[in-house]
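Got your viewer open? Let's walk through this structure one selection at a time.

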Amino acid sequence: MNDALVQAQEALALAKEAKFIANNMWLLVATVLVFMMHLGFATLEAGFVQKKNVVNILFKNGMIIAIGILTYYLMGFNLMYPGENEGGFFGFAGFGLTPPENGMTPAYADYTYWTDFIFQAMFAATCCTIVSGAVAERIKLVPFLIFCILFVSISYPITGMWKWGAGWLDARGFYDFAGSTIVHSVGGWGALAGIILLGARKGKYTKQGIKPIPGHSMPLATMGVFLLWFGWFGFNGGSVLSADPELVSLVFVTTTLAAAAGAIGAFFISYIMFKSFDLSMILNGILGGLVGITAGADSVSVLSAVLIGFIAGMLIPLSVSFFDRLKLDDPVGATSVHLTCGIWGTLAVGIFGQFDDPGTGLFMTQLIGVLAIGAFTFTFAFIVFFILKVSVGIRVNEQEELTGLDLGEHQSLAYA
Amino acid sequence: MNDALVQAQEALALAKEAKFIANNMWLLVATVLVFMMHLGFATLEAGFVQKKNVVNILFKNGMIIAIGILTYYLMGFNLMYPGENEGGFFGFAGFGLTPPENGMTPAYADYTYWTDFIFQAMFAATCCTIVSGAVAERIKLVPFLIFCILFVSISYPITGMWKWGAGWLDARGFYDFAGSTIVHSVGGWGALAGIILLGARKGKYTKQGIKPIPGHSMPLATMGVFLLWFGWFGFNGGSVLSADPELVSLVFVTTTLAAAAGAIGAFFISYIMFKSFDLSMILNGILGGLVGITAGADSVSVLSAVLIGFIAGMLIPLSVSFFDRLKLDDPVGATSVHLTCGIWGTLAVGIFGQFDDPGTGLFMTQLIGVLAIGAFTFTFAFIVFFILKVSVGIRVNEQEELTGLDLGEHQSLAYA
Amino acid sequence: MNDALVQAQEALALAKEAKFIANNMWLLVATVLVFMMHLGFATLEAGFVQKKNVVNILFKNGMIIAIGILTYYLMGFNLMYPGENEGGFFGFAGFGLTPPENGMTPAYADYTYWTDFIFQAMFAATCCTIVSGAVAERIKLVPFLIFCILFVSISYPITGMWKWGAGWLDARGFYDFAGSTIVHSVGGWGALAGIILLGARKGKYTKQGIKPIPGHSMPLATMGVFLLWFGWFGFNGGSVLSADPELVSLVFVTTTLAAAAGAIGAFFISYIMFKSFDLSMILNGILGGLVGITAGADSVSVLSAVLIGFIAGMLIPLSVSFFDRLKLDDPVGATSVHLTCGIWGTLAVGIFGQFDDPGTGLFMTQLIGVLAIGAFTFTFAFIVFFILKVSVGIRVNEQEELTGLDLGEHQSLAYA
């Protein structure tokens, strides 16, 4: 008997350890996948800008990930997950990282404290990367980097806390599985504030109408979309926060179907609108589908996922035209992808979401979440950009815009 | 005693769960890796075509993955794995996806039903992507997409079922571990049918002999090969259908060695044939090695893997020359890589394969499998392409071929 | 009672199996990530060379991985891990691979023998890839490949054994977690020997001063850095040699923070030195941070990791200028990244490292390791390059250098 008990206890401990190892590993793998999204954004944005602004966009993307990681280490993580202070509008657990005593054990979570930090840190930089695409080809480098530091270390974690840090939106039953609102629309609102204050690129909106300024490399842009899709398996799949076989595999299926349906939705609407097979539209359609499914990837049926993605894809050409009609110039379509489809995906949870708790993910709650986070983020971004605009200025001069930011800001060219 | 039993049962349940989590996770990771192969194909093909046809090939690759995923969801999966109807030439379990009751438990498999679907779905689109490279630079977009829908949703799953869905080839002892025949040569046969009916690109086979039409970007093509190799770890490694440490690690070793040996084989033969260090040959040599090892990656020795890959690599320059002599124009060498080496790899199982069951993987059975699947697939593809040819036409007009499909089909350029 | 014992034993066996599966899986995933570093090197180097030498650099990168894998299979693995002969300066366990009887069980390690081989094999080719960047644009292809064969199959595994194969440096308490010295500085010393014997590219060091020869594609170079960073999660994370949740996640955090801090360090120093926002500097700053943290990623605090990376990043512009002043021409900055920061990272373990055993990682021991491995490697590489130089020659002729190695060695162009 004694023998059996000893062995049973040993087996139990070992089985717990094996499960902890597996769960933690999945979060780490997901971290690596999400990291790849930064290369996805870098190549997507590089592909969609003109040749003369490529070094600049690559430089920004390199700096953003560095800034995002370091500020999240310094304060972002503790703003977003304030621990004991959780539950309201604002909380802060102090600067730097201090693992709790149980931080490396299953008592903390299905993963370690370090895993928790690094997985969330990879998300953080995303919100700035989204902005960088929209404001490309005309924003000054240093003011943009200052904006990024403030946006990612203050604005993003505060609104993120409202839901993921057990804040007031979480208490109300707002649902945003992996961040259609908390990550993507936040980036989109920041982008919108930026492009309003910056104005359009010279020559985009002329008396003769809207002049398309085509990106300099469609292979780069396409690569970017595939890399983003690749990373989204970690973004959504990791957001299960364990390697739960049923949930993670369901999330893989809904995510993939929505992306595929997004391509098809964009294909049809862009053909109807422009009578053309427009590569940039199906690329953004895929991204739109991915952003759209992100809020509800774990809580909608696979058929709903197809519908959500299809509608998101259809929204892309419509939204691009809409912003163009408002003369809001976004070289990469980031506002359409991340703001429009981020809102759509969050609201779609209120339509298609299936929850055990009847108070979770109600349409009105979803709308409140979208509006509250939108209002905070847009205001924050607008004020920061505005102060930068009236102080150091945020737009390069006309001459530099003409010759390109690569020569102006970096004294070098992307292609020698 | 009671305590011990309770704890032992708890431990057993937890250990089973941990193992299930780990196995399922590996399949999901493999899914992500296989997904990357689609970017690999996209960049490989984009690199090997002329600058004027790059948007077109990227557009096709974007649409193919979307079509492949959605049709596999709609009917492909249930055609390939018909369940109760398994065992013969044809079976169908109905439209859409309906997880069985035990679909999320180890009673279903070492992974969930959703994992099963998404892993297989990633494979499916591959067969069309292979075709897209071979028929590049002259095929009309819409007829090609129609071909893809039919090929991936009907032809591929039917022949796939013959082996992987427990069909008649499986019953005969035919062995194709991860799809040298079922995926790669199927794509190759479709490609062959396409290039026969399409004819060669203008200016390729002239009275002055064969004129090489070099690809527009060797970095893109090289990237494609590395990304495909990267994905192959999931393609072959995931085909173990569990995370079995011995088998998956063996498959990693055989796959890697065959790819490396493929490069060396192609290096020597292409140097002998062309007196030149031809990058495109060693790139396709790597791919040839990978295709070659795919049928037997789990059941040959590591030394055999080196030989299989080396021979596959040597076959590449020979096969490319062979198809050129027949004036079968394949801009990316897809028929040489996927058809020639797919056949070689399947037959190699009959030479080098080591099986417990003496009736498995016999050379004649392998040959029967190659021929049966080849005959079905080529016929299917030929008929579909032929009907499209005589109805809507499959080839762009001479003027469009000259100016490029990017302007002709998409009114845009890859590089602004 | 019997029942309980039986079930407890069953549970114990299953729990052990689940843990073994998970640990082994992580090593395999890490293998795939490290594989991607080869694409990272290929694109980084391709981006940093001139357009006329791109096919050549891609060809070399394709061949190096093939050579690295095959020679490691043939003899490298058994030189680096000589088993019973471990403990001294040289040992060899024979040609080819022979799994020990327990090679697929936890009695061997937390992973199988095949996993052991393939993970280590992915590292091996790295040392040559580092050299290939430094000697680019002027070295003859075949002599370079001969150098690679000797360097990766003899030099790299011998010095690697000194530490990782339980050799004399290991016995002395030298610490190099994942290879700041054993992999990166080894590559760096080989590179240094090569560029000394080769001489600078024509037109680099003129009477009018140092003339920058800008790389032909910054998107390619940027992609390379992101892919290397991506792969580094496997390079460092896999070097834990298990999926230990605490250690692997700590390594993820230190690795990421050091890379981010490297970008910032390079940003500031390059701005101070050149008054410019130099993309190539922050890219190499990221790599410098990664190389720097590699020796101590598991044994320094996260704050130390930030410092190590920051200093490594600052070293990049200083080191690049230093080598330029010595007229040691390195088109991609490989010596600064891998040699300078590799030495720094190894010494940093002696400053920041935290070990239970007081005799581990002492500064003087670290210095001895750096010098011993440096002396052996540099001498080996110098002799091999020297013999090649005086026999077949290692430098292309002036005409070929002018028109480019793509036409000279490959009769083809990277961009048609």
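Before the first click, one definition: copies are superposed by least squares on the C-alpha atoms of residues with pLDDT of at least 70 in both. Keep in mind that this is a predicted model.

**Stop 1: chains B and C together.** Select chain B and lay it on chain C. A rotation of 120° does the job, with 0.0 Å of shift along its axis and an RMSD of 0.0 Å. Even so, the copies use different surfaces: 15% of the contact residues of chain B recur in chain C.

**Stop 2: chain B on chain A.** Now try the other partner. Chain B goes onto chain A by a turn of 120° and a shift of 0.0 Å along the axis, again with an RMSD of 0.0 Å. That is the relation of a three-fold axis. Here, only 15% of the interface residues of chain B are also interface residues in chain A, so the copies meet through different surfaces.

**Stop 3: the side of chain B that touches chain A.** How many residues of chain B are in contact with chain A? There are 55, and they meet 53 residues of chain A. To light up this side, select H1, helix H2 (54-80), helix H3 (113-124) and helix H15 (405-410) of chain B, the elements that give two or more residues to it. H1(B) gives the most, with 26 residues. Colour this side by class and you'll find 40 nonpolar, 11 polar and four charged residues.

**Stop 4: the side of chain B that touches chain C.** Swing round to the other contact, where 52 residues of chain B meet 55 residues of chain C. The elements of chain B to pick, each giving two or more residues, are helix H1 (2-48), helix H8 (218-238), helix H9 (245-274) and helix H10 (279-294). Colouring by class gives 38 nonpolar, 10 polar and four charged residues on this side.

**Stop 5: a pair of helices inside chain B.** Hide the rest and keep H8(B) and H9(B). Two packed helices are described by the angle between their axes and the distance between the axes. For H8(B) and H9(B), the axes come within 9 Å and cross at roughly 140°. The two helices are therefore oblique to each other, and H8(B) passes H9(B) in a right-handed crossing.

Next, show side chains. From H8(B), pick Trp229(B), Trp232(B), Phe233(B), Asn236(B) and Gly237(B); they meet Val248(B), Val251(B), Phe252(B), Thr255(B) and Ala259(B) in H9(B). This contact has seven nonpolar, three polar and no charged residues.

Notes: Residues numbered from 1 in each chain as written. Chains lettered and ligands numbered in written order. Predicted model: local features only at pLDDT ≥ 70, side-chain atom pairs only at ≥ 80, totals over all residues. Contact = placed C-beta atoms within 7 Å. Helix = DSSP H or I, 4+ residues; strand = E, 2+ residues; numbered from the N terminus. Nonpolar A, V, L, I, M, F, W, Y, C, P; charged D, E, K, R; others polar. Axes fitted to C-alpha atoms, helices over the stretch in contact; angles between N-to-C directions. Parallel < 35°, antiparallel > 145°, perpendicular 65-115°, else oblique. Left-handed = near helix turned anticlockwise from the far one by under 90°.
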